Amino acid sequence: MEQKKVLVTIARDGSVKVEAEGFHGKSCEEATAFIERLFPNGSGNKTYKPEYYEAVNDEVCPGLPNGYCG
Amino acid sequence: MSHNSTFPASILEIDLAKRIIEQHGGTFELYDKVTPVTLYGENTAQGIAKFHLPGWRYPCVITQKGELIYDHFGSRAETMDTLRSVMQTYNDELIMGAVAQQAQNENIHYYREEMPNGDIQLVINY
């Protein structure tokens with residue numbers, strides 16, 4: 001099982017990049033929320049990887065075919 | 001990976017910023033209300049605080065939203081590195097504090113690394 005981790009890169013100019021790895025579904029957002037809250041003005045530059053859209057067994061998505069979320 | 005987010009430099013923790021700016025040899029002034037600050041020529045910026053870094057001709061302004069407005073005109077090129085260092089140090093301390101706090105509440109392990117290119121990387125393992 002891939003290690004779940006969050007990488008925070010603070011560049012030399014002070015800009016911040018947050019990367020979530022090894023997560024599936026929307027759990028990555030829970031993992032990074034406490035960091036992203038520090039920047040309430042937002043980034044306008046959030047990209048989702050294919051894993052974000054993968055179904056996870058513990059997610060419940062009423063109205064959608066069984067096992068699919070997002 | 002599942003998602004990436006990027007955030008430009010901004011300042012919302014004023015006390016932290018003041019300490020770091022003064023550590024870098026700068027001066028800091030906090031206003032009671034949003035105040036116009038003169039930059040180059042007749043240009044002004046509305047801010048809640050301003051700071052002046054060594055070697056800079058004009059001050060940097062912090063807006064109500066935490067954005068930075070500045071004009072580097074007339075300053076030596078290398079003095080931009082001072083602002084970059086201020087912002088990197090600020091975000092480093094801000095984020096490290098949040099990570100340390102989170103580690104008290106969750107089963108996470110983390111470490112900090114200074115990269116050869118000058119970036120700072122925090123790795124948080126879940």
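**View 1. A:V16 meets B:F7 across the two chains.** A:V16 stands opposite B:F7, a residue of β1(B). The model shown here is predicted. The two residues belong to a pairing between chains: β2(A) and β1(B) run antiparallel and share five bridges. β2(A) spans residues 16-21 of chain A. On the other chain, β1(B) covers residues 3-7. β2(A) is mostly covered, with five of its six residues buried.

**View 2. A hairpin in chain A.** β1(A) and β2(A) make a hairpin, and five residues lie between them. In the turn, A:G14 has a positive phi of about 95 degrees. The two strands run antiparallel and are joined by six bridges. One bridge pairs A:V8 with A:V18 of β2(A). A:V8 is also among the residues with the most contacts inside the largest nonpolar core.

**View 3. Helix α1 of chain A and its cover.** Which residues of α1(A) are buried? They are A:C28, A:A31, A:T32, A:F34, A:I35 and A:E36. An α-helix has 3.6 residues a turn, so residues three or four places apart point the same way. Both chains help to cover the buried residues of α1(A). From chain A, the cover includes β1, β2 and β3 (46-48). From chain B, it includes β1, α2 and β7.

**View 4. The largest nonpolar core.** This core has 40 residues. Those with the most contacts inside it are A:V8, B:I11, B:F51 and B:L83. Elements of both chains each supply at least two residues: β1, β2 and α1 of chain A, and α1, β3, β4, α2 and β7 of chain B. Which element gives the most to this core? It is α2(B), with nine residues. In soluble globular proteins, nonpolar side chains tend to be buried together.

**View 5. The surroundings of B:L83, and a separate core.** B:L83 touches B:F51, B:L53, B:W56, B:C60, B:L68 and B:Y70, leaving aside residues up to four places away in sequence. Apart from the largest core lies another, of five residues. Its members include B:V37, B:L39, B:A45 and B:V61.

**View 6. The open sheet of chain B.** Four strands form an open sheet in the order β2-β3-β4-β5, with antiparallel pairing. Why do β2(B) and β5(B) each have one side without a neighbour in the sheet? They stand at the edges with a single partner strand each, so one side of each is left free of a neighbour there. β2(B) runs from 27 to 38, and β5(B) is residues 68-69. Eight bridges join β2(B) to β3(B), residues 44-52, and these strands run antiparallel. B:T38 stands opposite B:T44 of β3(B).

**View 7. A helix across the sheet strands.** Helix α1(B), residues 14-23, lies across β2, β3 and β4 of chain B. The helix runs at about 130 degrees to β2(B). β4(B) covers residues 60-62.

**View 8. Chain B as a whole.** Chain B has two helices and seven strands. From the N terminus on, its elements run β-α-β-β-β-β-α-β-β. Its C-alpha atoms fill a box of roughly 55 × 35 × 30 Å along the principal axes. Of the 126 residues in chain B, 44% are buried. Chain B exposes about 6600 Å², and carbon and sulfur atoms supply 47% of that area. Among its contacts between residues at least 6 apart in sequence, 34% join residues at least 24 apart.

Key. Residues numbered from 1 in each chain as written. Chains lettered and ligands numbered in written order. Predicted model: local features only at pLDDT ≥ 70, side-chain atom pairs only at ≥ 80, totals over all residues. Heavy atoms only, no water. Pairing = 2+ DSSP bridges. Contact = heavy atoms within 4.5 Å. Axes fitted to C-alpha atoms, helices over the stretch in contact; angles between N-to-C directions. Core = buried A, V, L, I, M, F, W, Y, C linked by side-chain atoms within 4.5 Å. Buried < 20%, exposed > 50% of the residue type's maximum accessible area, 1.4 Å probe, protein only. Areas by Shrake-Rupley, 256 points an atom, 1.4 Å probe, with all protein chains shown as cover.
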